Amino acid sequence: MLETNRYSVINIRRYLNSDNPKLGESRLLQVLSSFSCPRNPDVERFLKKSSIEFTKKNQSVTYLIFDINSMVLVGYFTLALKPLTVRGETVSNTVKKKLLRVSEWDEKSDTYTMSAYLIAQLGKNFINGVDKKITGEELLVLAWNKIKEIQYLGGGVVTFLEAENKEKLLSFYRYNRFSLFDTRQNASDTDESHELVQLLRLL
């Protein structure tokens, strides 16, 4: 049984918009410095180098997850609103009907274009064994719950994410009701492109 009530989810705007000396950007930077993710350096790099600027520019919003008992940072996720195009051939007729409600359908190419919620980042903190305080599934459920809150206020149907083409990772997302619908090539900092698998889940 998932125990998501054991965690506090904090929008980093609470730090950035605060006049409280105990919060503020300098305090946020201290909190972020305690995050380590050697398994995925990109996840750590984004949190420490880009999350604040992206939030200030409204490109995305990052949420920090703290264990309520110890108030230690156990993970984070980042959400964004992005345009998404889905090819009709990659989804079922049931999904197509739902997409039609919120998308522009190009009959010629059989593509559906819409705004969708993107889980842009999802990461656990591995410093000093903190990662054992939260499971990957709990982390994903917390992100999903936040998207449901936003959807309640503003509508929308589709959530998607992109993952490396690794079977263990893809199995995890399929278990959590995400369905593969496409792939794309992504250029890394080294200019070497690699394939990302795109998965979606309907609200």
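# Exercises on helix α3, aromatic pairs and cores

Y76 has a relative accessibility of 0% and therefore counts as buried; buried means under 20% relative accessible area, exposed over 50%, and partly exposed in between (1.4 Å probe, protein chains only). The model is predicted: local features need pLDDT of at least 70 and side-chain atom pairs count only at pLDDT 80 or more, while totals for chains, interfaces and linings use all residues. Residues are numbered from 1 along each chain as its sequence is written, and side-chain values use heavy atoms, with hydrogens and water left out.

**Exercise 1.** Determine what span α3 has from its first C-alpha to its last, where it bends, and which of its residues are buried.

*Solution.*
1. Helices (H or I, at least four residues) and strands (E, at least two) are DSSP runs, numbered from the N terminus. Helix α3 covers residues 41-56, which makes 16 residues.
2. The expected span of a helix is 1.5 Å times one less than its number of residues. For α3 the expected value is 22 Å, and the reach from first to last C-alpha is close to it at 23 Å.
3. A bend at a residue is the angle between axes fitted to the seven residues ending there and the seven starting there. In α3, a bend of about 60° falls at S50.
4. V43, E44, F46, L47, S51, I52 and T55 are the buried residues of α3. Their cover includes the helices α1 (13-16) and α2 (24-32), together with the strands β2 (61-67), β3 (73-87) and β5 (111-124).

**Exercise 2.** State how many aromatic pairs the model has, then classify the pair F35 and Y76 and the pair W105 and Y112.

*Solution.*
1. Rings of Phe, Tyr and Trp (its six-membered ring) pair if their centres lie within 6.5 Å; planes under 30 degrees apart count as stacked, over 60 as edge-to-face and the rest as tilted. The rule yields seven aromatic pairs.
2. For F35 and Y76 the ring centres are 5.4 Å apart and the planes stand at 80°, so this pair is edge-to-face.
3. F35 belongs to the loop between α2 and α3 and Y76 to strand β3, so the pair ties together parts 41 residues apart in sequence. F35, at 1% relative accessibility, is buried.
4. For W105 and Y112 the centres are 6.3 Å apart and the planes at 25°, so this pair is stacked. W105 is partly exposed at 40% relative accessibility, whereas Y112 is buried at 4%.

**Exercise 3.** Identify the residues that ring pairs link into a cluster, and find what sits over the ring of W144.

*Solution.*
1. The cluster linked by ring pairs consists of W144, F172, Y173 and F178.
2. A charge sits over a ring if NZ of Lys or CZ of Arg is within 6 Å of the ring centre and within 35 degrees of the ring normal. Over the ring of W144 lies the charged end of R201, 3.9 Å from the ring centre.

**Exercise 4.** Describe the largest nonpolar core and the second core.

*Solution.*
1. A nonpolar core is a set of buried Ala, Val, Leu, Ile, Met, Phe, Trp, Tyr and Cys residues joined through side-chain atoms within 4.5 Å.
2. The largest has 24 residues, and I65, F77, I119, I134, Y173, F178 and L199 have the most contacts inside it.
3. At least two residues of this core come from each of β2, β3, β5, α5 (136-154), β6 (158-164), α6 (167-175) and β8 (193-202). α5 gives the largest share, six residues.
4. A second, separate core has 16 residues, among them Y15, V43, L47 and I52.
5. Y15 is placed in helix α1 and is buried, with a relative accessible area of 9%. Contact means heavy atoms within 4.5 Å; setting aside residues up to four places away in sequence, Y15 touches residues including L23, R27, L64 and F66.

**Exercise 5.** Establish where N58 and R177 are located, and whether each is buried or exposed.

*Solution.*
1. N58 occupies the loop between α3 and β2. Its phi is positive, about 60°, although N58 is not a glycine.
2. N58 is exposed, with 57% relative accessible area.
3. R177 is in the loop between α6 and β7 (179-187). Its phi is also positive, near 70°, in a residue other than glycine.
4. R177 is exposed at 59% relative accessible area. N176, found in the loop between α6 and β7, is buried at 8%.
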